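Here is a short tour for someone opening this structure for the first time. Have a look at the model, then read on.

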Amino acid sequence: VLAKLYSDDQGARVYETLHELGRHGFAAGRFGVPRPLAHDAEHHVLLLDWADGASLRAGLLASSEVGPGVEGAAAWLLNLHRCGMTAGRRYTHDRHVHTLGVWTQHLTAVFPEGERLLTDVLARIEARGRALSGWRPGPTHRDFSPDHLVVTGDRLVGLDFDEFCQYDPLFDVAHFTAHVRFLGLTHFGALNHFDGLADRFVAAYRAGGGEYSEARRRLYEAIAYFKLGRFVALVQRAQDWKHLLPALLSEARRLVSQPGAPSRRAPRSTPG
């Protein structure tokens, strides 16, 4: 059993989300989510079934043959996007930009030398998002990464539905690839270290019939790098965050500066 503690009633929303996903095909079979056991409203405690297996992230860092696991992750995600679930809060690009704006203030406070880069990236993200409106909202994990997929044989279980909402499902695709490349940067010194696996994930998602837009994927990957920059600087407080943050923000700016260009990049090592 896994117990998750919350400061508010978010646990109740996650409990209902997991129940709904169970009713939409994630209770049994190859693709699953943790079974919600109980929610204690008084103490804000959510109890879930423990998900046995190894995370996809562990497989990536062990340098094992994870190609099939990456393709399985795309299949799991496509199943989520097609499950037909309509419950959950509605999320918008404007709300996303507002959150990034708050983060910009916090990051500028600890990294004032990066203020110009931060505000430039934020402005480009806001402008690109308004230009790429018109997508149809659907069930979106909104925090999908190799950390949040447990693999046991052929079965895959998705974790952590705290951010679940109705949003642009393509955000999940970009968020996953950004996290794969982030692992390459932090563990192997190069943002492009896992490019082959990231591309394999996208190809599997598209081959399965997932709706795709290269311009929107680039926008969302830029947002994910912004989010990761906040994580290393303000949450994780990594020892080398002053090197990682500019690298992530520079990649974000590249992605939203040339929306029609290929997503490949030159090899880049961690500064310092």
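What follows goes through the sheets, the turns, the core and the aromatic rings.

## What you are looking at

Keep in mind that this is a predicted model. Residue numbers start from 1 along the chain, following the sequence as written.

## The three-stranded sheet

Let's begin with an open sheet of three strands, ordered β1-β4-β3 and paired antiparallel. Its edge strands are β1 (2-5) and β3 (36-40), and each of these pairs on one side only. From one strand to the next, the twist averages 15°.

Now for how the strands are joined. β1 and strand β4 (residues 45-48) run antiparallel and are connected by four bridges. If you want one bridge to look up, A3 has L47 in β4 as its partner. Helix α1 (residues 10-26) packs on this sheet, where it touches β3 and β4. The direction of α1 makes about 155° with that of β3.

On the other side of the pairing, β3 and β4 also go together in the antiparallel sense, over four bridges. Here H39 is matched with L46 in β4. In general, strands of a sheet pair through backbone hydrogen bonds, and they can do so parallel or antiparallel.

## The four-stranded sheet

There is also an open sheet made of four strands, in the order β2-β8-β7-β5, and its pairing is mixed. β2 (31-32) and β5 (54-55) stand at the edges with a single partner strand each, so one side of each has no neighbour in the sheet.

Inside this sheet, strand β7 (residues 149-152) pairs with β8 in the antiparallel sense, over four bridges. One residue to find is V150, whose bridge partner in β8 is V157. Helix α3 (residues 67-81) lies across β2, β7 and β8, and runs at about 60° to β8.

## Two residues with positive phi

Which residue sits in the turn of the β3-β4 hairpin with a positive phi? That's H44: the hairpin has four residues between its strands, and phi of H44 is about 55°. H44 is not a glycine, by the way. With a relative accessibility of 24%, H44 counts as partly exposed.

D160 is another residue other than glycine with a positive phi, near 60° in this case. You'll find D160 in the loop between β8 (155-158) and β9. Its relative accessible area is 24%, so D160 is partly exposed.

## The nonpolar core

In soluble globular proteins, nonpolar side chains tend to be buried together. The largest nonpolar core in this model has 80 residues. Those with the most contacts inside this core are W76, I125, F201 and F226. The largest share of the core, 11 residues, comes from α8.

What does F226 touch once its neighbours within four places in sequence are left aside? Its contacts are L100, W103, T104, L107, L118, V121, L122, I125 and L249.

## Aromatic rings

The model has 13 aromatic pairs. In one of them, the rings of Y167 and Y220 have centres 6.2 Å apart and planes at 50°, so this pair counts as tilted. The pair connects distant parts of the chain, with Y167 in strand β9 (residues 165-167) and Y220 in helix α8 (residues 214-235), 53 residues apart. Are these two tyrosines buried or exposed? Y167 counts as buried at 0% relative accessibility, and Y220 counts as buried at 2%.

Then there's the aromatic pair of F188 and F194, which is edge-to-face. The ring centres of F188 and F194 are 5.5 Å apart, with 90° between the planes. F188 is partly exposed, at a relative accessible area of 34%, whereas F194 counts as buried at 7% relative accessibility.

Ring pairs also link F26, W76, F144, F161, F164, F176 and F201 into a cluster. W76 and F201 in that cluster are also among the residues with the most contacts in the largest nonpolar core. One more ring to look for is that of Y91: R142 lies over its face, at 4.0 Å from the ring centre.

Terms used: Predicted model: local features only at pLDDT ≥ 70, side-chain atom pairs only at ≥ 80, totals over all residues. Heavy atoms only, no water. Phe/Tyr/Trp six-rings, centres within 6.5 Å; stacked < 30°, edge-to-face > 60°. Buried < 20%, exposed > 50% of the residue type's maximum accessible area, 1.4 Å probe, protein only. Lys NZ or Arg CZ within 6 Å of the ring centre and 35° of its normal. Pairing = 2+ DSSP bridges. Axes fitted to C-alpha atoms, helices over the stretch in contact; angles between N-to-C directions. Contact = heavy atoms within 4.5 Å. Core = buried A, V, L, I, M, F, W, Y, C linked by side-chain atoms within 4.5 Å.
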